[in-house]
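Trainee: I've got the model loaded and a list of labels I don't want to take on trust. Can we go through them and check each one against its cut-off?

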Amino acid sequence: MAAHQTSSRVDWVDYAKGFCIFLVVMMHSTLGVGSAIGEMGFMGDIVAFAKPFRMPDFFMISGLFLALTLDRDWRLYLDRKVVHFFYFYILWLTIQFGMKAPSFAAEFGWDGVLMHYALAFVQPFGTLWFIYALPVFFVITKLLHSLKVPWQVTMLVAAGLQISQVHTGSVLIDETASRFVFFFAGYVFAQKIFVIADWVRENTMKGLAFVFVWAVVNGLFVGYGYADLPFASLALGGLGALAVITVSALLSKVKALDLLRYMGKNSIVIYLSFFFPMAVSRTILLKLDIIEDAGLISLIVTCTATIAPMILFWLINKLGYGQFLFKRPAWAYIAEMPRAKSPAPSPT
């Protein structure tokens, strides 16, 4: 599979991650505006359309390159796949709690603030749940690989859990049951996914035809309220992920929307820090009361919450201060640090 990692294919992966992170920011921004004013406008329809495939695609992309690292020794593997993400989880959990502590204290008291902070180490907090769950997926997959469990068995069990729509109240348990099948599919079918992306690049019209048919089917299921049903959610998640991959492969072919590719390349930067510009821009727009259309407000908040982290990241790299926000310092490694610095943080 390593031989298949040409620059064009890496480009389409970045495009796909860019789509994912933009859709995630859009969801939180739109729901936040809707909660504040009681309506979401046209952005609510877009969020609803993207719901069946938004997170399945994110997890599928996250599993794509796992085969290249799965046979590493446990210490190195845990450093790259667990400690890496938990460092950012703990750091940004603390930052978020620091910002929200006064409002939490007014509601729960300072003892309640400490209790909720401690609870966040068991029950993932807010927007950070993805980087809490992802290391768990990495560990589960390596354990299954070490035990030589047939991938067909794992896929069958994971699909069964997704179809069962488990609801225990535990974010980690429920999201693992719902999302692990897509992550594991990205790992197991990685080589085939790269082949599909190559095929799309050579068959543009057929790729566009697939996207059109998928969009109609996905829209109908969402519109009629069937998208969350057992089996339907599994199918729509898989097909939606393939649709995003198809669009991403086509965009990489024509080198369009380079900003989207850059967003995907630095998706963890956006994911970790979008909550603050999202909250600030929403508050300012609602207080100014200049724009009445809820959909337009949500769109502006989404764009602001996506672009502001990129500006912050640029400033940090330019000034050389605050790099610990998006890059692990030396003390946070339990294995040897990589010799070559990666050009940008990656969510996988």
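Trainee: What makes K142 a residue that lies over the face of W74?

Mentor: The NZ of K142 is the atom to check, and K142 is 5.1 Å from the ring centre of W74. The rule wants NZ of Lys or CZ of Arg within 6 Å of the ring centre and within 35 degrees of the ring normal. So 5.1 Å passes the distance test, and the pair is listed as lying over the face. R328 gets the same kind of label: its charged end sits over the ring of Y333, 3.8 Å from the centre.

Trainee: What should I keep in mind about where these values come from?

Mentor: This is a predicted model, where local features need pLDDT of at least 70 and side-chain atom pairs count only at pLDDT 80 or more, while totals for chains, interfaces and linings use all residues. Residues are numbered from 1 along each chain as its sequence is written, and side-chain values use heavy atoms, with hydrogens and water left out.

Trainee: How many aromatic pairs turn up in the whole structure?

Mentor: The search finds 34. Take W74 and Y77: their centres are 6.1 Å apart, with 80 degrees between the planes. Rings of Phe, Tyr and Trp (its six-membered ring) pair if their centres lie within 6.5 Å; planes under 30 degrees apart are stacked, over 60 edge-to-face, and the rest tilted. So 6.1 Å makes W74 and Y77 a pair, and 80 degrees makes it edge-to-face. Both sit in helix α4, 3 residues apart, about one turn of the helix. Helices here are DSSP runs (H or I, at least four residues), numbered from the N terminus.

Trainee: Are those two buried or exposed?

Mentor: Buried means under 20% relative accessible area, exposed over 50%, and partly exposed in between (1.4 Å probe, protein chains only). W74 has 33%, so it is partly exposed, whereas Y77 has 0% and is therefore buried.

Trainee: And what kind of aromatic pair do Y89 and Y132 form?

Mentor: Edge-to-face, at 5.1 Å centre to centre and 65 degrees between the planes. Y89 is in α4 and Y132 in α5, so this pair ties together parts that are 43 residues apart in sequence. Y89 is buried because its relative accessibility is 1%, and Y132 is buried because its value is 10%.

Trainee: Where does A120 come in?

Mentor: A120 is in the loop between α4 (74-119) and α5 (129-146). Leaving aside neighbours within four places in sequence, A120 is in contact (heavy atoms within 4.5 Å) with Y89, L93, F97, F125 and Y132. At 1% relative accessibility, A120 is buried.

Trainee: Which residues does Q96 touch?

Mentor: Not counting residues up to four places away in sequence, Q96 touches F125, T127, L128, L272 and F275. Q96 lies in helix α4, and its 1% relative accessible area is why it counts as buried.

Trainee: What makes a nonpolar core?

Mentor: It's a set of buried Ala, Val, Leu, Ile, Met, Phe, Trp, Tyr and Cys residues joined through side-chain atoms within 4.5 Å. The largest one has 92 residues, and W12, F59 and I131 touch the most other members. Helix α4 gives the most to this core, 13 residues. Beyond four places in sequence, I131 touches F85, F86, F88, Y89, Y271 and L272.

Trainee: How many disulfides are there?

Mentor: A disulfide is a pair of cysteine sulfur atoms within 2.5 Å, and the count comes to 0. For C20, the nearest cysteine sulfur, in C303, is 17 Å away. From the C303 side, C20 holds the closest cysteine sulfur, and 17 Å is too far for a bond. C20 is buried because its relative accessible area is 1%, whereas C303, at 31%, is partly exposed.

Trainee: Which residues does UniProt list for "domain: Acyltransferase"?

Mentor: Its unreviewed entry lists residues 11-313. UniProt positions use the numbering here, feature names are shortened, and annotations may be inferred rather than shown by experiment. In the model, that span is 81% helix and 0% strand (strands are DSSP E runs of at least two residues). UniProt's unreviewed entry also gives "transmembrane region" stretches, including 12-33; residues 12-33 are 100% helix, with end C-alpha atoms 31 Å apart.
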